[in-house]
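Open the model in your viewer and keep the selection tool at hand. We will go from the whole chain to single side chains, one stop at a time.

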Amino acid sequence: MKNYFCFILFLSGMFCACNHPEETAKELTTGPTVTEKIVQEETKIPIEEAYFGNSDFCKLIRLKYDADGDGFLSDSEREAVKVVSWEGELEASAVEVDGDSRELRGFEYFPNLESISIAKANQVTIRNHPSLKRYGSGEGYIAQTVIESCPELEYVGYSMSGGSLSVKNCRKLQRFWAHECYDGLGTLEFVDTPELHMLFYLSEPEQITADAAASVLFDAGIAPEDIKSERKTEDSISQEFGAMTVRWVGVKEQNILLTENFPLAYLDEEDFSWITVLIFDRTEESYNEAGNKGYNVCVEFEDIHSRVAFPLYTPVPPEEENFIVRPARIGKLELLEYSPDYSASFKVSWDFEVLYRNGEQETVIGCIADKEQYVCLKAEGKAEFYPSREEWEQASADRRFWQ
């Protein structure tokens with residue numbers, strides 16, 4: 001009897017459970033799962049020296065980016081930051097500065113950060129940042145800057161600033177610009193930055209190390225006699241461009257090794273087809289003492305829209321094929337851009353002479369001085385000629401630096 005009663009109770013329990021499955025499920029799922037807890041718990045970064053290095057920098061972060069003032073950076077606070085600007089001592093008006101000389105770091109905690117501007121610091125370290133595009137320093141001094149593995153970095157610039165810089169594994173970096181840094185720049189190192197174009201204006205670093213695929217541009221131009229080249233190893237070249245020394249690494253077997261007379265061998269390939277000779281009758285007919293009729297011979301430099309006219313008196317009407325415009329000498333030669341693995345660009349100032357051929361007789365009827373031409377010499381030995389700076393600048397996307 002006892003066993004029968006227990007069996008009835010068991011069946012009653014089963015019946016109740018089967019008729020209220022939603023209540024049973026509700027009881028089993030009460031409270032967040034492990035995944036839900038992870039989603040619900042926001043990451044909080046303490047605004048402390050252990051994360052950001054410099055104590056003054058921490059003060060600035062609290063002032064500008066800690067919206068709720070709790071001493072931590074929440075996910076939303078960190079994700080809202082697109083620009084970080086640090087002026088060092090110039091921030092004294094906003095925060096009380098203690099003069100902490102430790103490095104500035106922790107930029108990777110701002111995942112959407114695109115631009116960093118630093119004026120004064122002992123050291124700046126930026127590593128593994130996913131979205132940083134621009135880094136700049138102006139009107140100050142940073143003893144050492146280290147930038148590594150920033151896949152979106154495109155621009156680094158120094159203006160009236162100084163210090164040493166090391167940039168590694170930033171393959172999208174396109175431009176480094178130093179403007180009026182005078183004697184403030186130390187050593188510059190660019191490794192695994194094959195798209196880099198460097199421009200120095202009134203700035204001379206102590207030494208540069210760069211990939212041979214990169215290029216250096218000279219705003220004022222460098223005379224060939226001021227260039228010295230020396231091969232250090234099979235894949236490295238050391239060069240002096242005036243007072244600036246560049247060590248190129250990873251140099252290809254087929255490269256451009258500059259020598260004093262290097263570009264002259266290529267200039268003979270130019271046919272000067274961009275120069276045209278036009279002949280016009282004079283508005284009023286004129287004759288010389290010999291009775292020869294006068295004509296105006298115009299030399300037109302088509303792409304720069306300039307003409308130079310010379311008078312000519314001849315007994316027979318001249319034809320355009322009777323005239324030759326040829327270089328008399330090179331007035332000036334300047335290096336504008338150089339990359340060992342790809343190209344070297346020069347500005348050439350020509351002096352031309354204009355000749356008239358009448359049968360076997362040749363007469364120089366005039367000279368044209370200081371006409372500029374731009375030449376790009378490729379590592380494979382090809383020369384490209386441009387009649388104006390504008391066309392040279394626009395000829396390649398790589399030269400967008402000038403624009």
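Start with everything selected: buried residues make up 43% of the 403 residues in the protein chain, where buried means under 20% relative accessible area, exposed over 50% and partly exposed in between, with a 1.4 Å probe and protein chains only. This is a predicted model, in which local features need pLDDT of at least 70 and side-chain atom pairs count only at pLDDT 80 or more, while totals for chains, interfaces and linings use all residues. Residues are numbered from 1 along each chain as its sequence is written, and side-chain values use heavy atoms, with hydrogens and water left out.

Now colour by secondary structure. The protein chain holds eight helices and 22 strands; helices (H or I, at least four residues) and strands (E, at least two) are DSSP runs, numbered from the N terminus.

**Stop one: strand β6**

Select residues 155-159, which form strand β6. Four of the five residues here are buried, so the strand is largely enclosed by the rest of the structure. Add β5 (residues 134-148), which runs parallel to β6 and is joined to it by five bridges; two strands count as paired if DSSP finds at least two bridges between them. On the other pairing, five bridges join β6 to β8 (residues 175-182), again parallel, and Y158 stands opposite A178 in β8.

Zoom in on R134, which stands opposite Y155 in β6. Its side chain also lies over the face of Y155, at 4.3 Å from the ring centre. A charge sits over a ring if NZ of Lys or CZ of Arg is within 6 Å of the ring centre and within 35 degrees of the ring normal.

**Stop two: strand β12**

Next, select residues 215-222. Six of the eight residues of this strand, β12, are buried, so β12 is largely enclosed by the rest of the structure. Strand β10 (residues 197-203) pairs with β12 in the parallel sense over four bridges, and H197 has S215 as its bridge partner. Strand β19 (residues 323-339) runs antiparallel to β12, with three bridges between them; look for I222 and its partner L335 in β19.

**Stop three: an open sheet**

Show β16, β17 and β18 together: these three strands form an open sheet in the order β16-β17-β18, with antiparallel pairing. β16 and β18 (306-314) stand at the edges, each with a single partner strand, so one side of each is left without a neighbour in the sheet. Nine bridges join β17 (residues 293-301) to β18, and C298 stands opposite A309 in β18.

Keep F301 on screen and add K371, which lies over the face of F301 at 4.9 Å from the ring centre. Then add W274, in the loop between α7 (264-267) and β16 (275-281). The C-alpha atoms of W274 and F301 are separated by 6.3 Å, although the two residues are 27 apart along the chain. W274 is buried, with a relative accessible area of 7%.

**Last stop: aromatic rings**

The structure holds 19 aromatic pairs: rings of Phe, Tyr and Trp (its six-membered ring) pair if their centres lie within 6.5 Å, and planes under 30 degrees apart count as stacked, over 60 as edge-to-face and the rest as tilted. Select F272 and W350, whose ring centres are 5.4 Å apart with planes at 85°, so the pair is edge-to-face. F272 sits in the loop between α7 and β16 and W350 in strand β20 (residues 343-358), 78 residues apart. F272 is buried at 10% relative accessible area, and W350 is buried at 5%.

Finish by selecting Y51, F52, F57, Y65, W86, F107, Y109 and F110, which form one aromatic cluster.
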